[in-house]
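Reader: I would like to learn how to read a model of this kind, beginning with one helix and working outward. Could you take me through it step by step?

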Amino acid sequence: MSSPNRKGPLQSVQRDTDEIKKQVDVLLRDVQQEATPSKQRDAFERCLQLQKSVEEKRQTLRKLRKADEVAPVGNYDKRKQDEDARLLKLQQQLQRLAELLVPRAEQKQDVSTNERKPGTSEEDDEEGNEESIQEEEEEEE
């Protein structure tokens with residue numbers, strides 16, 4: 001017999017996504033405040049861990065079925081689709097942040113994929129990336 005406070009699998013994924021989003025928000029704030037290489041490496045590691053969490057949640061979400069719910073859920077397919085879109089947006093945001101934070105040694109090996117506008121420096125690119133990630137974050141709210 002299930003307790004009346006028990007939540008269904010979809011709602012659990014939604015709560016987990018909310019928690020991941022909070023962690024991403026904190027990471028973005030930290031990245032804007034921290035400039036030392038060791039703190040950037042730490043932020044990069046946190047970013048990778050969050051990417052892994054998002055992917056795991058997307059896999060979990062894909063496996064969910066309406067029949068798995070403990071109680072009827074109105075608009076189940078739409079809610080599931082919306083949650084996947086939210087996770088995808090977090091995944092893309094984390095991917096851009098990881099590209100910004102990738103350790104310098106790895107960046108230099110992958111120069112061919114990092115195209116810069118003529119006349120701009122790497123710092124200009126990083127500032128622009130941080131601003132665009134933050135702007136997307138503000139658009140969400």
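Author: Let us begin with burial in helix α1, where the buried residues are L10, V13, T17, I20, K21, V24, D25, L27, L28, D30 and V31. Please keep in mind throughout that this is a predicted model.

Reader: What general idea helps me to read such a list of positions?

Author: An α-helix has 3.6 residues a turn, so residues three or four places apart point the same way. In α1, the buried set includes L10, V13, T17, I20 and V24.

Reader: How many residues does α1 have, and what distance does it reach from its first C-alpha to its last?

Author: Helix α1 covers residues 9–33, which is 25 residues, and it reaches 36 Å between its end C-alpha atoms, close to the 36 Å expected at 1.5 Å a residue. The corresponding check on α2 also agrees, because its 27 residues should span 39 Å and its end C-alpha atoms are 39 Å apart.

Reader: Which residues of α2 are buried, and against which helices do they pack?

Author: In α2 the buried residues are A43, F44, C47, L50, Q51, S53, V54, K57, R58 and L61, and the buried residues of this helix pack against α1 and α3.

Reader: How should I describe the way α2 and α3 meet, and what is the angle at which their axes cross?

Author: One reads the distance and the angle together: the axes of α2 (residues 37–63) and α3 (residues 76–101) come within 9 Å and cross at roughly 160°. Angles over 145 degrees count as roughly antiparallel, and therefore α2 is roughly antiparallel to α3. The crossing in which α2 passes α3 is left-handed. Among the residues that make the contact are F44, C47, L50 and V54 of α2, together with L87, L90, Q91 and L94 of α3. By character, the residues of this contact comprise 13 nonpolar, four polar and seven charged.

Reader: Is Q91 of helix α3 buried or exposed, and which residues does it touch?

Author: Q91, which lies in helix α3, counts as buried because its relative accessibility is 19%, the cut-off being under 20%. Leaving aside residues up to four places away in sequence, Q91 touches V54, E55 and R58.

Reader: How does the protein chain look as a whole?

Author: The protein chain has five helices and zero strands, and along the sequence the pattern reads α-α-α-α-α. Of its 141 residues, 30% count as buried. Among contacts with a separation of 6 or more, 75% come from residues 24 or more positions apart.

Terms used
Residues numbered from 1 in each chain as written. Predicted model: local features only at pLDDT ≥ 70, side-chain atom pairs only at ≥ 80, totals over all residues. Heavy atoms only, no water. Axes fitted to C-alpha atoms, helices over the stretch in contact; angles between N-to-C directions. Helix = DSSP H or I, 4+ residues; strand = E, 2+ residues; numbered from the N terminus. Parallel < 35°, antiparallel > 145°, perpendicular 65-115°, else oblique. Left-handed = near helix turned anticlockwise from the far one by under 90°. Contact = heavy atoms within 4.5 Å. Nonpolar A, V, L, I, M, F, W, Y, C, P; charged D, E, K, R; others polar. Expected span 1.5 Å × (residues − 1). Buried < 20%, exposed > 50% of the residue type's maximum accessible area, 1.4 Å probe, protein only.
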